[in-house]
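Here are my notes on the model you sent round. They go point by point, with the chain as a whole before single residues.

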Amino acid sequence: MPFNMDINELEEMALRCRINIIKMIHKAQSGHPGGSLSAIDMIVGLYGTELNINPLEPDWEDRDRFIMSKGHASPAIYSILYELGFIQEADFMSFRSLGSKCQGHVDMKWTEGVDFSAGSLGMGLSFGLGCSFAAKLDNSNRNIWVMVGDGETQEGQLWEAIMAANYHSTDNLKLIVDRNGIQNDDFVSRQMEVGDLRLKIQSFGWEVIEIDGHNMYEISDAIKWANKSNGKPMAIIANTIKGKGISYMENNPSFHGKAPNDKEYNIAMEELS
Amino acid sequence: MSAPSDGGASRDGYGRALIRLAVNPDIVVLEADLGKSTKSCHFRTEFPDRTFSLGIAEQNMMLVGAGLASSGKIPMASTFAIFTERAFEQIRNGIARPNLKVHICGSHGGIHTGSDGSSAQSIEDLAIYRTLPNMTIIHPADDFSAEELTIQVASLNGPSYTRTIRNKVPRSYTINTSKHLEIGKGSLLKEGNDVAIISCGVMVSKSIEAANILEKEGISSTVIDMHTIKPLDENIIDFWSKKCGCIVTAEDHSIIGGLGSAIAEHNSRTNLVPMEMVGVKDRFGESGESEELFKIMSMSTGDIVKAAKKCIERK
């Protein structure tokens, strides 16, 4: 059964997740804070209200799937899996170290509750499409949610999957684009502007809405909207801020893949308290 | 033994196997436009609800297969061998790394593909997939062995790559003899004492022809069909290399990284007997009939005979 949290509970959980994201990246002195912090509100909204999953039976075959295609934002996933009881604090505090359940990029072979082995951008929606074919073959009403980054939309394979999903009318497939405007090297607009993603995805036959990806009310409404699909795959473009919640990380390309030092860590903890 | 004269193309065996596998409701077929060529089209006709057309988009197809496999299905995904290579990183990261049971078939492998020319002649597929942990790699000799091995592939506990061939070749098996094949075990087709010829794919029937020619000259050859390139049957190599004292490998593939390389790697760690490799020697192919190409690229039956004699002299 879904967790059915209310807005207050979701916002409190998102704050705890932000704290743990910073803790694990600081401890590891490596990882990707920016994209974890931009994505976490959508992820909390989805796990807290919608996903039909069971921490006691992570491999339950009829569970909803969440495919994290931007696998470098793994701290966001580890923080929510901890909140829901899939993993322990010691697991995420050993993030990126030898033998840890919490690998650098999310990996279904290492972590309970992870549905996809990510790390190479552009592949998650295709994997999700395969999961949605399987759900249809099983006559199951389980849904498949996929999250990609906006920089990731530069990968050609993503558009292969967007085209195929519409052709096969996979209305159990839901895409979330974490549109934080920054990729590894710089702002997306300076690396290769991806343009009007809403129009582009719509032109492939999808239903698309655009929301503020940090507003829990909008997130909650968007998830309900995405569930009311009528034969079409559904996409939510979540406009977000990279590094959201930590002043010096917000909209700062240098915190795509850099850990905070001790001083920065203390500032972050103060801001989140 | 004499090479049976009836011909068969291994892609036809793959197509027949898919129909036989359909009794398992978890079997699904993925196509990237080339079903008529890879022969998955017969499955599509009979089981359209379990066939997914993904268009000319191989990278997407490979991950769709991974998603299906993660949900308990057994996807059989086919396209030309050369176009599977386009999705190598998808196969590496999306299939082999999480060890998902996606079974890839690359048809039109090798120079034997012929007149389409070098762009369609995959001569490196076996080498690149051999580097991936968890992958089983199969290259059958004819249609009967392809049918049997494809049936077995669907029961593997990890991913696989099967390379099939476009054109007919003399059969090395019958319906009955192919039933004795087993993934991971080399198939002994002829026993002899002077040279062990180990080959795969279209070179198996040529190796039998070469052994017959050598026999007339008083040279006795062992012929092994090494249809499974990975995992390599090291026991059969050890036994026959000791007995014969030298090895000739024959493959329609680059001699860099394929069957010959796999056996040389093993040989260098063990018996270290003289070896000769027949195959594509660090060049691309071109348009032409299969046999014309094999002649100019030193991969004909006569070239296997020459390699055997040279190898015996080096003992």
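1. Two residues are in contact when heavy atoms of theirs lie within 4.5 Å. On that basis, take the contacts in chain A between residues at least 6 apart in sequence: 75% of them join residues at least 24 apart. Please keep in mind that this is a predicted model.

2. The overall build of chain A comes next. Chain A has 10 helices and 5 strands. Its radius of gyration is 17 Å, close to the 19 Å that the globule rule gives for 273 residues, so chain A is as compact as a globular protein of that length. Along the principal axes, the C-alpha atoms of chain A fill a box of roughly 50 × 45 × 35 Å.

3. How much of chain A is buried? Of its 273 residues, 59% count as buried. The accessible surface of chain A is about 10,500 Å², and 46% of that surface belongs to carbon and sulfur atoms. As for charge, chain A carries 24 positive and 38 negative charges, and the mean positions of the two sets are 2 Å apart.

4. Over all chains, the structure holds 12 aromatic pairs. One of them is formed by Y47(A) and F66(A), which meet edge-to-face at 5.5 Å centre to centre, with 70° between the planes. Y47(A) belongs to helix α2 (residues 33–49) of chain A and F66(A) to strand β1 (residues 65–68) of chain A, so this pair ties together parts that are 19 residues apart in sequence. Y47(A) counts as buried at 3% relative accessibility. F66(A) is buried as well, with a relative accessible area of 3%.

5. A further aromatic pair in chain A is that of Y82(A) and F92(A), again edge-to-face, at 5.0 Å centre to centre and 70° between the planes. This pair links distant parts of the chain, with Y82(A) in helix α3 (residues 74–83) of chain A and F92(A) in helix α4 (residues 89–92) of chain A, 10 residues apart. Are the two rings' residues buried or exposed? Y82(A) is partly exposed, with a relative accessible area of 29%, whereas F92(A) is buried, at 0%.

6. H72(A) sits in the loop between β1 and α3 of chain A. Although in a loop, H72(A) is buried, with a relative accessible area of 14%. Which residues does H72(A) touch, leaving out those up to four places away in sequence? They are H32(A), H105(A), L121(A) and H256(A). I211(A) is 139 residues from H72(A) along the chain, and the C-alpha atoms of the two are separated by 23 Å.

7. Turning to chain B, ring pairs link F88(B), Y129(B) and Y161(B) into a cluster. Helix α6 (residues 88–96) of chain B has these buried residues: Q90(B), I91(B), N93(B), G94(B), I95(B) and A96(B). Their cover includes elements of chain B, namely α4 (58–70), α5 (81–86), β5 (103–107) and α7 (125–130), together with α6 (156–167) of chain A.

8. Two serines of chain B can be read side by side. S37(B) is in helix α2 (residues 35–38) of chain B and is buried, with a relative accessible area of 18%. Leaving out residues up to four places away in sequence, S37(B) touches R11(B), F80(B), S107(B) and H108(B). S261(B) is in helix α12 (residues 259–269) of chain B and counts as buried at 13% relative accessibility. With the sequence neighbours up to four places away again left out, S261(B) touches R130(B), I255(B), I256(B) and M277(B).

9. Where does K179(B) lie? K179(B) is in the loop between α9 (175–178) and β9 (187–190) of chain B. The cut-off for exposed is over 50% relative accessible area, and K179(B), at 51%, counts as exposed. From K179(B) to L63(B) the C-alpha to C-alpha distance is 32 Å, and the two are 116 residues apart in sequence.

Notes
Residues are numbered from 1 along each chain as its sequence is written. Chains are lettered from A and ligands numbered from 1 in the order in which they are written. This is a predicted model: local features need pLDDT of at least 70, side-chain atom pairs count only at pLDDT 80 or more; totals for chains, interfaces and linings use all residues. Side-chain values use heavy atoms; hydrogens and water are left out. Helices (H or I, at least four residues) and strands (E, at least two) are DSSP runs, numbered from the N terminus. Buried means under 20% relative accessible area, exposed over 50%, partly exposed in between (1.4 Å probe, protein chains only). The radius of gyration is taken over C-alpha atoms; the globule rule is 2.2 Å times the number of residues to the power 0.38. Accessible areas come from the Shrake-Rupley method with a 1.4 Å probe; for residues, only the protein chains shown count as cover. Lys and Arg count as positive and Asp and Glu as negative; His and the chain ends are not counted. The place of a charge is taken as NZ of Lys, CZ of Arg, CG of Asp or CD of Glu. Rings of Phe, Tyr and Trp (its six-membered ring) pair if their centres lie within 6.5 Å; planes under 30 degrees apart count as stacked, over 60 as edge-to-face and the rest as tilted.
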